[in-house]
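Visitor: I've got a new model on my screen and would like a quick tour. Could you walk me through it, question by question?

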Amino acid sequence: MWYMTEERQMLKNMVAEFAETEVRPFVKEMEENGTFPQHLITRAGELGILGLCYPEEIGGQGVDWINLAIAIEELSKVSSCAALLIMMAAVGSTLSIYLVGTEEQKEKCLYPVIRGETNLAMSLCEPAGSSNYGSWQTTAVQDGDEWVINGGKIFCTLTGQCDYYGILAKTGEYNPMTMEGITVFLVHKDTPGFKLGRIEDKLAWGGSATGTLILNDVRVPSSMILGEPNKGMMAFGSTGPQTYAYLAVLSLGTAEAAYEMALKYCKERAHAGGGTLFQNYEVVRHHLSNMYMEVEACRSLMYNCMEQMQQGKFPLTEAMAVKVYAQKVAESVASKALELHGGNGLMKSCDIERYYREAKMLAIGGFSVDIIRDQLSWML
């Protein structure tokens, strides 16, 4: 591919080895027990994966969006859940703190995360909907040099696995035109009044604890506001292209792994009368050809978006488009891969059924593709 260099090939090989030898042994445990081994994030920090988009002066490897995409793609081929949590530490929850946070906030919430010592999660979803900002019930009121937060959040990724949580709360009348009226507060897990609620049992990504956060008169100092009061959506949205683009990488890795498994299976599966599924059935070969084309089209679109970010651009529309497109590719390819495996594809002992579930998760997790598609239509 045009973006590969000798250095990037070495990175790809290193991450692939890490994924196969250190991540894969824990995949079934994550699914069955709903836990994620923190030592894998620590190990990702030691290998430098978490610092691939941060400058060397803060402990990073130098800003290179394509390098991080290559790493997340390789991890996704083994487990999109593991890739998701490592991606969150590397960019999803931390980049906005690097871009608009204070030095105090970076010391508490950024540097420990990219070293792999702890986790950070941003939480915005409420029963009214993650995008229905004006109807949120979580509010914060200023009291001197502190803010008092009341309310709750649902579907928070990494519930119970973080030291800090980014809580988006209404601090004024929400203006849908300017998106003002929302503030981001960085809340420590041990703050009085902050409690963890129920952990959900969900379709996939068992290793990522998804649950409820409860806030009763939680006091947070003004120094832990990310960005400016009432302009939290600007702070949160400062990482828009990166967030959407790396969610697309999860889909690409999932699709790629499903295709490779299906190709291998069809070339090895003996069939009645001699030969294999691949040799005996034109329809099988055509399905595999279509899957290959979908994966490669997705790869081209996604890495084109990464290259734009590498050039210092802010390709928000392109990133939104590739997030939606990549998920549809992942779901299509994983579905056909499952069918090509026949009855074996339905068994939990076969990774294909997990890839199929993870592909569907990506339609909703990390922003609904239908909401993104609607928002994108107004930007055209």
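**A walk through the model**

Guide: Let's start at Trp 205, which is buried, with a relative accessible area of 5%. Keep in mind that this is a predicted model.

Visitor: Where does Trp 205 lie?
Guide: Its phi is positive at about 55°, although Trp 205 is not a glycine. Most residues other than glycine have a negative phi. As for the place, Trp 205 sits in the loop between strand 6 (194-199) and strand 7 (210-221).

Visitor: And Phe 155, is that one buried or exposed?
Guide: Phe 155 belongs to strand 3 (residues 146-157). Phe 155 is not a glycine either, yet has a positive phi of about 55°. The cut-off for exposed is over 50% relative accessible area. Phe 155 comes out at 51%, so the word for Phe 155 is exposed.

Visitor: How many helices and strands are there in the protein?
Guide: This is a chain of 380 residues, 53% of them buried. The tally for the protein is 14 helices and eight strands.

Visitor: What is the radius of gyration, and how does that fit the globule rule?
Guide: For 380 residues the globule rule gives 21 Å, and the protein comes close to that, so it is as compact as a globular protein of that length. The C-alpha trace spans about 80 × 45 × 40 Å along its principal axes. The radius of gyration itself is 21 Å.

Visitor: Among contacts between residues at least 6 apart in sequence, what percentage join residues at least 24 apart?
Guide: One example of a residue with contacts farther along the chain is Asn 67 in helix 4, which touches Glu 7, Arg 8, Leu 11 and Leu 52 once neighbours within four places in sequence are set aside. Asn 67 is also buried, at 10% relative accessible area. For the protein, the percentage you asked for is 72%.

Visitor: Trp 65 and Tyr 246 caught my eye. What kind of aromatic pair do they form?
Guide: The protein has ten aromatic pairs by the ring-distance rule. In this one, the centres are 6.4 Å apart and the planes stand at 50°. Planes under 30 degrees apart would count as stacked and over 60 as edge-to-face. With 50° between the planes, the pair of Trp 65 and Tyr 246 is tilted.

Visitor: Which helices does that pair tie together?
Guide: Trp 65 is buried at 8% relative accessible area, and Tyr 246 is buried at 0%. The two are 181 residues apart in sequence, so their pairing ties together distant stretches of the chain. Those stretches are helix 4 (residues 65-76) and helix 9 (residues 240-268).

Visitor: How are the rings of Tyr 133 and Trp 136 arranged?
Guide: Both residues are buried. Their ring centres are 5.3 Å apart with planes at 85°, so the arrangement is edge-to-face.

Visitor: Which residue has its charged end over the ring of Trp 136?
Guide: There are two lysines to mention here. The charged end of Lys 267 sits over the ring of Phe 278, 5.0 Å from its centre. Over Trp 136, at 3.9 Å from the ring centre, the charged end is that of Lys 153.

Visitor: Which residues form an aromatic cluster with Tyr 303?
Guide: Here the rings come from separate places in the numbering, gathered into one cluster. Tyr 303's partners are Trp 2 and Tyr 3.

Visitor: How many disulfides does the structure hold?
Guide: A disulfide needs sulfur atoms within 2.5 Å. Cys 53 is buried at 2% relative accessibility, and its sulfur is 14 Å from the closest cysteine sulfur, in Cys 305, so that is too far for a bond. Cys 266 is buried at 0%, and its sulfur is 11 Å from the closest one, in Cys 350, again too far. The structure's disulfide count is zero.

Visitor: Last one: which residue with a positive phi follows helix 7?
Guide: Helix 7 (residues 103-114) has several buried residues, among them Cys 109, Leu 110, Tyr 111 and Pro 112. After the helix comes a residue with phi near 85°, and that residue is Gly 116.

Definitions and conventions:
Residues numbered from 1 in each chain as written. Predicted model: local features only at pLDDT ≥ 70, side-chain atom pairs only at ≥ 80, totals over all residues. Heavy atoms only, no water. Buried < 20%, exposed > 50% of the residue type's maximum accessible area, 1.4 Å probe, protein only. Phe/Tyr/Trp six-rings, centres within 6.5 Å; stacked < 30°, edge-to-face > 60°. Helix = DSSP H or I, 4+ residues; strand = E, 2+ residues; numbered from the N terminus. Lys NZ or Arg CZ within 6 Å of the ring centre and 35° of its normal. Rg over C-alpha atoms; globule rule 2.2 N^0.38 Å. Contact = heavy atoms within 4.5 Å.
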